[in-house]
Amino acid sequence: MNTSSRRTVTTTQRKKPSMCQHQPACPTAESADREAARLAAHHPEQGWSLLCNGVLLFEDTGELLPDGQIIAPHRPSVSGQVMTAA
């Protein structure tokens, strides 16, 4: 009986997504303006959207980059304005 050994290579790096076919191309996930990329999938009922550069954008403005990096929510702070119920 001839057995061949199989090796599985495990890596923590993801391949760069090739979802963006736009011309000019959308900003990459590493760009400061990465949120300007076009939507590839939008699920408001679940609170997230996938951009064509591979970034997961959450409704609280947090982000998950393709390399696994987490960007904390960055809502603009509103100071001096207090909303009261009528």
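Colleague: Which residue is the bridge partner of Leu57 in E4?
Modeller: Keep in mind that this is a predicted model. Strand E3 covers residues 56-58 and pairs with strand E4, residues 63-64, in the antiparallel sense over two bridges. Within E4, the residue bridged to Leu57 is Glu63.

Colleague: And what is the strand order of the open sheet?
Modeller: The sheet has five strands with antiparallel pairing. Strand E1 (39-43) and strand E5 (70-71) each pair on one side only, as the edge strands. Reading across, the order is E1-E2-E3-E4-E5.

Colleague: What about the loop between E3 and E4: which residue there has a positive phi?
Modeller: Phi is near 75° at a residue other than glycine. That residue has a relative accessible area of 22%, so it counts as partly exposed. Sitting in the loop between E3 and E4, it's Thr61.

Colleague: Why is Cys26 in no disulfide?
Modeller: The nearest cysteine sulfur to that of Cys26 belongs to Cys52. A disulfide needs the two sulfur atoms within 2.5 Å. The pair misses that cut-off because the sulfur of Cys52 is too far for a bond, at 3.4 Å.

Colleague: Is Cys52 buried or exposed?
Modeller: The cut-off for buried is under 20% relative accessible area. Cys26, at 15%, meets it. Cys52 has a relative accessible area of 2%, so Cys52 is buried.

Colleague: Last one: which residue does a cis peptide bond join to Gln23?
Modeller: Omega for this bond is about -5°. The partner's place is in the segment before E1. The residue joined to Gln23 is Pro24.

Methods:
Residues are numbered from 1 along each chain as its sequence is written. This is a predicted model: local features need pLDDT of at least 70, side-chain atom pairs count only at pLDDT 80 or more; totals for chains, interfaces and linings use all residues. Side-chain values use heavy atoms; hydrogens and water are left out. Two strands pair if DSSP finds at least two bridges between them. Helices (H or I, at least four residues) and strands (E, at least two) are DSSP runs, numbered from the N terminus. Buried means under 20% relative accessible area, exposed over 50%, partly exposed in between (1.4 Å probe, protein chains only).
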